[in-house]
Amino acid sequence: MSLNNKKNLSGWLDMSQSLSGVILAVFLWTHLVLVSSILLGEDAMTFVAKTMELSFLSEDGHGYPWVVSLIAIGVGLLASIHVLVAMHKLPLSLQQQRALRQQMSVINHGDTKLWVWQAITGVGILLLLPVHLWLIGSAPETIGPAGSADRIWNQGVWMVYLPLLLCVELHAAIGIYRVAIKWGSERALNSRDRIKKIKTIVSVVFVVIGIASLLAFLPYA
Amino acid sequence: MSQGRTLTFNIFRYDPQEPGDKPKMVKYQIEEAPGMTVFIALNMLREKQDPSLQFDFVCRAGICGSCAMVINGFPTLACRTLTSKYPKAEITLMPLPGFELIGDLSVNTGKFMRELAERLKLWLHPKADEVDIHRIEAPMAPEEAAKLYELERCVECGVCVSACATKQMRDTFVGAVGMMKIARFELDSRDTRSVEDFYHVIGNQDGVFGCMTLLGCQDNCPKDLPHMQQIAYLRRKMATALV
């Protein structure tokens, strides 16, 4: 059955929040796996970087670095949509913040605390992601073992990447856990406890991979 | 066995009716008895130590939902909470947040529930021509009756409302109790309201699309109602109505 009155946007907003979050999380994890190619050595990372620039389509094998800029713009747009719809859920007024603090001081509840972490890391991402997207999107040709290592360690961008890594890996895993139970994937077989455990493992694994990758760039700096 | 312990109760005291009274925590001590519940302890405290202590109860058996309060950080029913559950013998009692305070541990859940029922129209809406008191009521399939009964178990204690941070931040949010009751009428074949009708009531930021799935309702409901599954079901139903 479809509704005649589609003016009520809240349903669309809620679905866009979940959908944009899922796409961003899948992108994030794929992205981190690709970046972690540095752990396999210089050649592996160069191959991945060139392939992402669609080098196999150009005759000289140099590829098209602007493809990476396009991806950065796409991620930026998607993240903007996610922020705009998710912001409706945040306690923006002082009155709401006071109500939340008051309730949390009386009631001890794990998933509410988890959500507070998701909100805090979300604000962290909002501040740090634009820096990352600008650095990559404005100089896509520099991505590679030497160029990235120079950016991360010589130019000090690790100070952005490290907190960003921690924020996104917490935010994404908690978000996917919440989306799964929000839309009802919880069944006897894949119970909430199990999904929650997987969430924690995913966060830890990707934070470890991320930190290892950042360190792996050190020798090329 | 916890028999013979001395229990220490830290109880929130404040009477808004008394001019000049300020909210405070007051300490009481009481000898633990076998099988003692927080509700029994409160009655003993009121009887023997402080007759001015305010708290609600009716059934003392987890059926009326009156004695809900926050016990050591968890909102639940005092009559179903054994004092032996607390190895440190220290119990802190607070009134349910998010409701009008009557005094001490007593809150006005009734006013909230009545307003909610009126706002969401939480009663059966049968077909106009089916209302005939001279006719025998049509039988209902046992499976359907069982499903409805499961949701009818709600005792309106208010625990889900106070455990929900979303509700605390958004006063107009209907909370798990509102959605549970809507789900109950949505499942009822005698109710004539369509998906569209329900959408107008809970297909918005005050209903399923405002719920952030923090699951305070699911984790604290003293009747173990399936809030998580039920809200997810309603959300899918409302989302399908959109597309």
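# Exercises on helix packing and the chain contact

The buried residues of α2(B) are covered by elements that include β7 (106-107), α6 (175-187) and α7 of chain B. Helices (H or I, at least four residues) and strands (E, at least two) are DSSP runs, numbered from the N terminus. This is a predicted model, in which local features need pLDDT of at least 70 and side-chain atom pairs count only at pLDDT 80 or more, whereas totals for chains, interfaces and linings use all residues. Residues are numbered from 1 along each chain as its sequence is written, and chains are lettered from A and ligands numbered from 1 in the order in which they are written.

## Exercise 1: helix α2 of chain B

Determine which residues of α2(B) are buried, and how they are placed around the helix axis.

Step 1. Begin with the length: α2(B) runs over residues 109-120, and its 12 residues reach 16 Å from the first C-alpha to the last, close to the expected 16 Å at 1.5 Å a residue (1.5 Å times one less than the number of residues).

Step 2. Apply the burial classes, in which a residue is buried if 20 or more other C-beta atoms, placed from the backbone, lie within 10 Å of its own, exposed if 12 or fewer, and partly exposed in between. The buried residues of α2(B) are then Thr109(B), Met113(B) and Leu120(B). They cover an arc of only 50° around the axis, which puts them on the same side of α2(B), the arc being that of the directions from the helix axis to the C-beta atoms.

Step 3. Turn to the face of α2(B) directed away from its buried side, where Lys111(B), Glu115(B) and Glu118(B) are exposed. An α-helix has 3.6 residues a turn, so residues three or four places apart point the same way.

Step 4. Finish at the end of the helix, where Lys121(B) follows α2(B) with a positive phi, near 55°.

## Exercise 2: helix α1 of chain B

Identify the strands of chain B against which the buried residues of α1(B) pack.

Step 1. In α1(B), residues 38-48, the buried residues are Val38(B), Phe39(B), Ala41(B) and Leu42(B). Seen down the axis of α1(B), these fall within an arc of 160°, so they line one face of the helix.

Step 2. Their partners are β1 (6-13), β2 (24-31), β3 (68-71) and β5 (90-94) of chain B, where a contact requires C-beta atoms, placed from the backbone, within 7 Å. On the face of α1(B) turned away from its buried side, Glu47(B) and Lys48(B) are exposed.

## Exercise 3: the contact between the chains

Work out which element of chain B supplies the largest share of the side that touches chain A.

Step 1. The contact takes 34 residues from chain B and 33 residues from chain A. On the chain B side, β4 (74-77), α5 (165-169), α7 (195-202), α8 (216-220) and α9 (227-242) each supply at least two residues. The largest share, 10 residues, comes from α9(B).

Step 2. By residue class, the side of chain B that touches chain A divides into 21 nonpolar, nine polar and four charged residues (Ala, Val, Leu, Ile, Met, Phe, Trp, Tyr, Cys and Pro count as nonpolar, Asp, Glu, Lys and Arg as charged, and the others, Gly among them, as polar).

Step 3. For a view from chain A, take α4(A), residues 94-106, whose 13 residues should span 18 Å at 1.5 Å a residue and whose end C-alpha atoms are 19 Å apart, which agrees. The buried residues of α4(A) are Ala99(A), Leu100(A) and Gln103(A); they fall within an arc of 95° seen down the axis, so they line one face of the helix, and they pack against α5 of chain B. On the other side of α4(A), Leu94(A) and Ser105(A) are exposed.

## Exercise 4: positive phi in loops

Compare the settings of Asn72(B) and Asp224(B).

Step 1. Asn72(B) is not a glycine, although its phi is positive at about 45°. Asn72(B) has its place in the loop between β3 and β4 of chain B and is partly exposed, with 17 other C-beta atoms within 10 Å.

Step 2. Asp224(B), also a residue other than glycine, has a positive phi near 50°. Asp224(B) lies in the loop between α8 and α9 of chain B and is exposed, with 8 other C-beta atoms within 10 Å.

Notes:
Contact = placed C-beta atoms within 7 Å.
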